[in-house]
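Reader: I should be grateful for a close look at one part of this model, beginning at a single residue and then following the strands of its chain. Please set out what surrounds each residue you discuss, and state the cut-offs behind your terms.

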Amino acid sequence: MFKKTEKVKKDLQEEIRAVTTLTDAEQLKIKYLGRKGIIQDFMKLIPTLPAEQRAAFGQQINALKAEAANFIEDAIGKLSREAIPKVNNEIFDITLPGKLPVTGKKHPLTQTIDDVKEVFARLGFDVVYGPEVELEYYNFEALNIPADHPSRTDFDTFYIKNDILLRSQTSTVQIRVMEKQKPPIRIIAPGKVYRPDTVDARHSFMFHQIEGLLVDEGVSFADLKEVLNQFIKTYFGKDVRMRFRPSFFPFTEPSAEVDISCSLCSGKGCSVCSYSGWVEILGAGMVDPHVFKAVHYDTEKYTGFAFGMGVERITMLKHGISDIRLFYENDIRFLSQF
Amino acid sequence: MKISYNWLKEYAYFYLSPEELADKLTNAGLVVADIKPVEDDYCLEVEVTSNRPDCLGIIGITREVIAAVGGELHIPDTDFETLSAKVTKFIDVTVEDPVLCPHYTARVVRHVTVRPSPEWMQKKLRCIGIRPVNNIVDITNYVMMETGQPIHAFDLDKISDQKIVVRRALDGEMIVVINGVKRALFHDMLVIADSKRPVAIAGVMGGKETEVSDSTRNILLECALFEPGHVRRTSKELGVFTDSSYRFERGTDPGGIELASKRAVKLMKELADGEIVSGVIDIKQREYEKKRIPLRIERLQKILGIEIKRDIASDILKRLQFTIVNEIDNFIDVVVPGFRGDIYREIDLIEEIARIYGYNNIPAKTSICVRGSIKSKYEAVEDCIRQFFIGLGFYEVKTFSIVDVSPLQSVKLWSEQEALDIANPLRQEESRMRTSLLPSLINARRYNVNHGNESIKIFEIARVYLAGNKLPHEKTCLSLLIDADFFTLKGIIESLVLYLGISLKREWIPFSEPKLFRDERAAKIQLDDKTLGYLGEASRELGFKTSFCLSELDMDFLVEKSNFEKRYHPLSPYPPVFRDLAIIVDEEVSWTSIEKCITATHISFLKGVNFFDVYRGKQITAGKKSVAFSLCFQAEDRTLKSEEVETAEWTILDVLHTTLDAELRKL
Ligand SMILES: [Zn+2]
């Protein structure tokens with residue numbers, strides 16, 4: 001019996017040496033290790049042996065099985081590495097496409113919010129959040145927008161109940177933070193806002209804003225300009241120019257709208273910038289004393305600035321996206337582009 | 001507001017092309033959105049912010065041009081000859097509500113000839129998009145566009161008993177307005193009435209019965225001041241928005257009434273051959289006091305952050321038609337002109353100076369101190385979760401928080417309370433605050449399937465809105481949708497939990513929500529005996545051809561339990577020993593009970609129990625199943641002897657046999 005196993009081993013070694021193709025090697029594997037293979041046949045012999053020989057023979061077979069498996073796997077491994085060029089003169093085409101792992105992406109709006117957060121984090125701004133379903137007071141009165149005031153026209157709002165609404169701006173977070181905290185304050189507040197606008201390529205009833213607020217002693221309009229300048233240069237690029245235009249917001253005085261030079265036409269004028277060479281990207285201003293009064297700050301001691309930007313808007317500008325609805329359709333073909 | 005370039009040039013000399021003019025106005029805060037050539041003129045579309053009603057007239061805009069480029073304002077001449085007859089002979093005016101109508105004036109022009117207005121006037125009106133009607137109507141429009149003060153012309157002969165009463169409407173009172181529509185009035189609305197009926201809704205719109213027609217001979221010209229908030233409320237309640245209400249609700253200039261009224265009657269004399277009756281009915285509650293505001297130069301410099309000098313500041317204020325009463329050292333004492341109702345504080349003056357000085361002439365420089373910003377735990381965990389899912393090939397989506405009222409959208413995973421409804425929705429499709437993100441993710445999958453995107457993996461981090469005391473509880477959820485089977489998603493969640501450093505006890509409890517999940521293929525996930533979230537195969541009722549899985553987790557809870565503190569555990573130098581076992585148990589025996597049974601043996605060197613297969617088939621008796629798993633043994637202090645491992649194995653099999661009636665499966 002033992003001689004038989006020795007012979008099998010020898011045969012196998014010879015056969016392996018002769019093998020030149022992967023298919024032959026696989027055949028060999030079946031011949032020796034398969035369910036009806038040579039080694040399995042030996043197994044079947046075990047019960048026929050005298051009891052005292054069984055254990056020793058069993059061990060012998062197991063050892064053979066392990067060895068055979070090693071030989072054959074080695075051969076398969078070696079052949080599969082060489083197989084193509086050696087056997088068929090086929091050429092290993094390194095230009096065939098690689099097997100791409102599946103990767104995901106952050107939503108483009110999240111990417112914008114993260115980028116903005118990072119710029120301002122370096123300037124010492126903390127990220128805070130506030131409720132989206134909000135008391136009317138925080139959305140209007142505290143921000144110096146009284147009832148029956150025409151400035152409310154600019155702030156059409158969804159209501160849940162009488163004095164509860166969906167915030168139409170992230171400026172609400174300014175008040176909530178200042179109520180709880182004394183200056184110095186340096187925050188940005190990203191989040192969803194809601195306005196009853198009919199949906200089209202440029203309007204959505206839900207969109208995202210990022211609000212910024214800095215309050216301290218001796219903060220000036222020049223500081224506001226520099227902070228926004230740093231943001232714009234970092235986010236939109238070093239060569240982008242910035243323009244401040246006087247504007248009106250009830251919660252800032254002086255108020256400004258900030259434009260950047262149109263990157264599409266480098267300021268020469270195109271359809272994106274309505275042929276003005278400039279595109280509006282955010283609103284800003286010095287915090288109105290009325291707002292400080294609402295949170296019991298000393299208006300003589302403290303000054304501050306606030307700014308707010310539309311996340312969709314700056315994302316659309318940065319990537320040349322022409323329709324706001326794309327952000328909420330979540331078509332993978334769209335999401336995978338960013 | 002639309003303005004005509006040629007018309008504007010009548011009030012000041014300047015040498016600016018339409019484009020240059022647009023640029024100056026834009027930089028002063030009056031954005032010119034569009035310049036259109038009209039005939040031999042240009043129409044400029046100016047965006048006037050709601051705080052600047054003074055710029056709702058061409059004269060007002062001219063003042064801004066002068067402030068920017070210098071020059072002098074030419075106000076039209078309003079001298080005219082009158083009849084000797086007194087106005088009181090023709091009309092009697094009573095103001096019953098002086099709060100809502102603080103100032104009312106009336107003039108009378110007799111023997112007018114109603115005909116088309118001259119071409120020069122029609123041309124200007126056409127340029128700014130106003131359709132010419134007849135000389136009288138055109139004059140009222142012309143003067144309103146010129147001065148910003150709305151005026152109204154009544155056919156005097158149609159005013160009953162020659163009486164005007166400014167009063168509150170009676171409930172149920174009706175008026176047919178100029179466009180022929182009949183309107184019911186409410187008690188709190190202010191009307192202009194004659195002895196019998198309302199003839200105009202104050203500040204909003206005139207009545208049809210007393211409007212000027214081709215046969216009109218005598219004119220009653222109203223020029224008044226109405227309380228802005230009241231006009232706004234009335235106009236909103238009636239849904240009527242006019243050039244007149246637009247101006248009144250923003251606040252008109254009390255000092256501008258006389259000019260507008262005189263200018264209008266003078267034009268009626270010139271263009272309609274009218275005869276102006278002597279005098280004016282002028283009912284006002286008080287003289288307007290002009291506001292006086294002291295300005296501190298030091299404060300100005302502090303707010304703007306520049307060394308702006310006093311003489312520059314006072315020069316700018318003068319160009320804006322402010323009166324400087326006094327200036328010494330660091331103070332300027334300023335009197336505000338009546339048309340600038342928006343200026344009443346020092347900060348308002350500072351803005352005016354900054355605006356005309358030029359925001360772009362203020363340098364960008366900062367002396368803000370250095371400050372560190374610490375990432376909150378929420379931010380850290382959120383970043384970590386996003387990275388985790390992106391790494392696994394998930395796309396992040398963003399969907400709307402306002403949803404429809406379908407049963408699917410009303411799933412109550414997190415609260416038994418009813419969802420919050422929007423009181424004033426635009427459409428039924430967006431009228432309720434969502435209570436779960438999953439229906440939106442399902443819609444996102446549907447959209448992708450319809451657009452040929454197969455096999456998707458998406459996640460969203462957003463809030464759901466659960467009714468609370470005063471304000472709702474806004475819970476942040478992490479929701480997942482994957483085109484894979486239950487155990488793939490379960491594995492991802494298990495892996496996430498470990499990734500976040502959470503080693504608390506987890507349990508998977510059968511859960512049913514037929515609107516979302518397929519029966520008997522959903523679980524509620526308990527973490528530390530509290531609900532972490534839900535997981536399941538999507539219900540077949542959702543109407544998709546292929547199956548997929550969904551999960552929604554409590555993000556706030558994940559953040560709370562996340563633990564990024566990491567401590568090193570020494571690596572064992574001794575090799576682990578793996579043993580694979582397969583046992584046959586009753587169908588009802590769950591993996592959890594098998595696992596519990598094994599860990600209850602407390603074998604100190606048992607390091608892990610890893611499930612790998614369930615098998616039901618020919619070799620297995622019906623009602624039974626084979627469960628295969630691998631045991632990992634490893635000691636910290638020695639190489640395990642094979643006898644130790646064998647004994648442990650037998651101990652485990654023994655316990656499984658006695659507790660769960662498990663048999664070792666013989667291969
Ligand atoms: Zn452009």
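Author: B:His602 counts as exposed, at 69% relative accessibility; here exposed means over 50% relative accessible area, buried means under 20%, and partly exposed lies in between, with a 1.4 Å probe and protein chains only. This is a predicted model, in which local features need pLDDT of at least 70, side-chain atom pairs count only at pLDDT 80 or more, and totals for chains, interfaces and linings use all residues, while side-chain values use heavy atoms and leave out hydrogens and water. Residues are numbered from 1 along each chain as its sequence is written, and chains are lettered from A and ligands numbered from 1 in the order in which they are written.

B:His602 has a positive phi of about 50°, although it is not a glycine. Its place is the loop between helix 16 (591-599) and strand 29 (606-615) of chain B; helices (H or I, at least four residues) and strands (E, at least two) are DSSP runs numbered from the N terminus. Elsewhere in chain B, B:Glu39 also has a positive phi of about 50° without being a glycine. B:Glu39 lies in the loop between strand 2 (31-38) and strand 3 (41-47) of chain B.

The strands of chain B that precede this loop in the numbering can be followed from one pairing to the next. Strand 24 (residues 506-510) of chain B holds B:Trp508. B:Trp508 is partly exposed, with a relative accessible area of 22%. Leaving aside residues up to four places away in sequence, B:Trp508 touches B:Lys490, B:Ile493, B:Glu494, B:Ala523, B:Lys524, B:Ile525 and B:Leu535, where contact means heavy atoms within 4.5 Å. By contrast, B:Gly229 is 60 Å from B:Trp508, C-alpha to C-alpha, and 279 residues from it in sequence.

Strand 24 of chain B pairs with strand 25 (residues 517-527) of chain B in the antiparallel sense, over five bridges; two strands count as paired if DSSP finds at least two bridges between them. Within this pairing, B:Ile509 stands opposite B:Lys524 of strand 25 of chain B, and B:Lys524 is also among the residues that B:Trp508 touches. The two strands form a hairpin with six residues between them.

The next pairing is again antiparallel: strand 25 of chain B is joined over seven bridges to strand 26 (residues 530-538) of chain B. B:Ile525 stands opposite B:Gly533 in strand 26 of chain B. Strands 25 and 26 of chain B form a hairpin with two residues between them, and B:Asp528 in the turn has a positive phi of about 55°.

Strand 26 of chain B leads on to strand 27 of chain B, to which five bridges join it in an antiparallel arrangement. B:Gly533 recurs here, standing opposite B:Leu553 in strand 27 of chain B. Strand 27 (residues 549-554) of chain B is mostly covered, with six of its six residues buried. B:Cys549, B:Ser551 and B:Leu553 point one way from the strand, whereas B:Leu550, B:Glu552 and B:Asp554 point the other way. Strand 27 of chain B is also joined by six bridges to strand 23 (residues 473-482) of chain B, and these two run antiparallel. In that pairing, B:Ile482 is placed opposite B:Cys549.

Chain B also takes part in a set of contacts with chain A. A:Met206, found in strand 6 of chain A, is buried, with a relative accessible area of 0%. Not counting residues up to four places away in sequence, A:Met206 touches B:Thr399, B:Phe400 and B:Ser401, together with A:Lys192, A:Val193, A:Tyr194 and A:Tyr328. A:Pro196 is 10 residues from A:Met206 in sequence and 8.4 Å from it in space, C-alpha to C-alpha.

Strand 6 (residues 206-217) of chain A pairs in the antiparallel sense with strand 5 (residues 185-194) of chain A, over 10 bridges. One of the bridge partnerships links A:Ile188 with A:Gly212. Both strands belong to an open sheet of seven strands in chain A, with the order 1-5-6-10-9-8-7 and mixed pairing. Its edge strands are strand 1 (126-127) and strand 7 (242-249) of chain A, each of which pairs on one side only.

Two cis peptide bonds in chain A complete this account. One joins A:Pro183 and A:Pro184, with omega about 0°, and A:Pro184 is in the loop between helix 7 (172-180) and strand 5 of chain A. The other joins A:Glu253 and A:Pro254, with omega about -10°; A:Pro254 lies in strand 8 (residues 252-261) of chain A.
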